[in-house]
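Good morning, colleagues. Please have the sequence and the structure in view while I speak.

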Amino acid sequence: EKLGMYINLALAVDTTNSELAKALDTVENIESNTAYENTMLIEFLKQVKDIDKLVENSPVLKEHSFFITEKVNMSSHTLSPQQEEIIAKMKTTGSNMWEKLWDQISSTLEVDYNGKKEPLSVVRNLAYSDDPDVRKNAYKAELEAYKKIDMSSAFCLNGIKGQVITTSNNYSSPLEQTLADSRIDSTILNAMFSAIDKKLPALRKYFIKKSQYLGGSGSLAFYDLFAPVGKEDLKYTLEEAKAFVLKCFYKFSKDLGDFATYAFDNQWIDLMPKKGKVGGAFCETIHSIKE
C-alpha cells in the first residue's frame, strides 16, 4: 500500500514517467493477489458468533473494532473468494488501465493559445485573469483542445463506468456501492444536497451581482466564474504566498501552522502547472507512516 501510494503520487506530477507506470503495474498485480485472502477473512468473520461481544472483551480486537465491523458489514455484498479474485485481477487491465489512460491524455493535452502550445493546466489558470478577453479566449481554446481527446475520453469513461455497472450487481445500484465505499448512507447524502439546495438562491444572487459588476446583463458566463473582483492588486510570488498561508494558519492555530510548515519543508506540495501533471488538487493520507 505504501509503495503504491508513493508511485501514484509521483505519477500525479509526471504521468509520462514510463518506469513509474511499469512499477505501478507490478504493485497492482501484487495487490490483486490479496483479494482471495481478503474475501476469505470476510467469510470467516461472518461465521463468528457473538462477534461484538468478543471484540468488546478483547483489548487487541477492540483496537481493531472499526476494521472488523466494516468487514462484517461488507459480507452481505461480497461475492465468492474466487469471483472477487477474478474481478480484482481483471481490474488491473480494466478500469485501472482506463483511469491511467485518462490521466495521461488529459495531463499531456496541449492547448493552442496565442500562437503557442500550452499545458492544459496553464490555460485553465487564465480563468483567474483580470482581463476579460484573456478569460474568454482561454476558455474557447480549452474547449477546442478537448476535441483532440473527446473520443479517447469517451472510451475511458465508458470503460470505467461499464465495469462499475457489472461489478455492482450485488448492490441495489452503483450509487449504493459508492455510498458504502464512502462510509455514508442515502440519508446523509440527501441531507448534504438539501443543505446545498437551501443555499442555492444566495449563490445565484451573488452570480447575478457578479455578472452586473463585470458589465454583463446578469447571466454570468462560465469563463467569468473565477474572475477576480475588487481593485486590489493581489499578485504574490511563491514565497509571499507561502508566508501568507503560514501567517493565517498560525493566527488560527499553532498546530495547523506547524503542520503547514512541515508540509512546505518536506516538499509535500507541488505548486506549479506543467505538462504531464494531473489537474486538480488533492491530499493523500498514508497511514503506514502516520502522515
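I begin with the nonpolar surface patch, which covers about 1,000 Å². It is made by Leu-238, Phe-249, Phe-252, Leu-256, Phe-259, Tyr-262, Trp-268, Ile-269, Leu-271 and Met-272. I should say at once that this is a predicted model. Two helices, H14 (238-252) and H15 (254-265), each supply at least two residues of the patch. Trp-268, also one of the patch residues, lies in the segment after H15. Its relative accessibility is 37%, so Trp-268 counts as partly exposed.

Let us stay with helix H15. Does its length agree with the span expected at 1.5 Å a residue, or disagree? The 12 residues of H15 should span 16 Å, and the end C-alpha atoms are 16 Å apart, which agrees. The buried residues of this helix are Gly-257, Ala-260, Ala-263 and Phe-264. They cover an arc of only 125° around the axis, and therefore lie on the same side of H15. The general background is familiar: an α-helix has 3.6 residues a turn, so residues three or four places apart point the same way. On the other side of H15, the exposed residues are Lys-254, Asp-255, Phe-259 and Asp-265. Phe-259 thus appears twice in this account: it is exposed on that other side of the helix, and it is one of the residues that make the nonpolar patch.

In the segment after H15 we find Gln-267. The phi angle of Gln-267 is near 55°, a positive value in a residue other than glycine. Gln-267 has a relative accessibility of 72% and therefore counts as exposed. Lys-290 also lies in the segment after H15. For Lys-290, phi is near 55°, again a positive value in a residue that is not glycine. With a relative accessible area of 77%, Lys-290 is exposed.

I turn now to the charged side chains. How many salt bridges does a search of the whole structure find? The search finds 15. Asp-270 takes part in two that I wish to show. In one, Asp-270 pairs with Lys-274, and the closest N and O atoms are 3.1 Å apart. In the other, the side chains of Asp-270 and Lys-277 meet at 2.8 Å, N to O. The surroundings of these residues can be stated in turn. Asp-270 is partly exposed, at a relative accessible area of 37%. Lys-274 counts as partly exposed, at 34% relative accessibility. Lys-277, by contrast, is buried, with a relative accessible area of 14%. Elsewhere, Asp-25, Glu-28 and Lys-100 are joined into one network by salt bridges that share partners.

A further salt bridge links the side chains of Glu-144 and Lys-147, at 3.2 Å from N to O. Here Glu-144 is partly exposed, with a relative accessible area of 48%, whereas Lys-147, at 53% relative accessibility, counts as exposed. The boundary for the exposed class is over 50%, so the two residues fall on either side of it.

Next, the cysteines. A disulfide is a covalent bond between the sulfur atoms of two cysteines. How many disulfides are counted in this model? The count comes to zero. Cys-283 is in no disulfide, and the nearest cysteine sulfur, that of Cys-248, is 17 Å away. The cut-off for a disulfide is 2.5 Å between sulfur atoms, so a separation of 17 Å does not qualify. Cys-283 is exposed, with a relative accessible area of 78%. Cys-156, on the other hand, counts as buried, at 1% relative accessibility.

My last item concerns two residues far apart in the sequence. Tyr-6 has its place in helix H1, residues 2-13. Tyr-6 is exposed, with a relative accessible area of 55%. How many ångströms separate the C-alpha atoms of Tyr-6 and Glu-284? The separation is 9.8 Å, although the two residues are 278 residues apart along the chain.

To close, I would ask you to return to the view of H15, with Gly-257, Ala-260, Ala-263 and Phe-264 buried and with Lys-254, Asp-255, Phe-259 and Asp-265 exposed on the other side. Thank you for your attention.

Note on methods
Residues are numbered from 1 along each chain as its sequence is written. This is a predicted model: local features need pLDDT of at least 70, side-chain atom pairs count only at pLDDT 80 or more; totals for chains, interfaces and linings use all residues. Side-chain values use heavy atoms; hydrogens and water are left out. Patches are made of residues with over 30% relative accessible area and no salt bridge: like charges are joined within 9 Å, nonpolar side chains (Val, Leu, Ile, Met, Phe, Trp, Tyr) within 5 Å. Accessible areas come from the Shrake-Rupley method with a 1.4 Å probe; for residues, only the protein chains shown count as cover. A salt bridge is a side-chain nitrogen of Lys or Arg within 4 Å of a carboxyl oxygen of Asp or Glu. Helices (H or I, at least four residues) and strands (E, at least two) are DSSP runs, numbered from the N terminus. Buried means under 20% relative accessible area, exposed over 50%, partly exposed in between (1.4 Å probe, protein chains only). The expected span of a helix is 1.5 Å times one less than its number of residues. The arc is that of the directions from the helix axis to the C-beta atoms.
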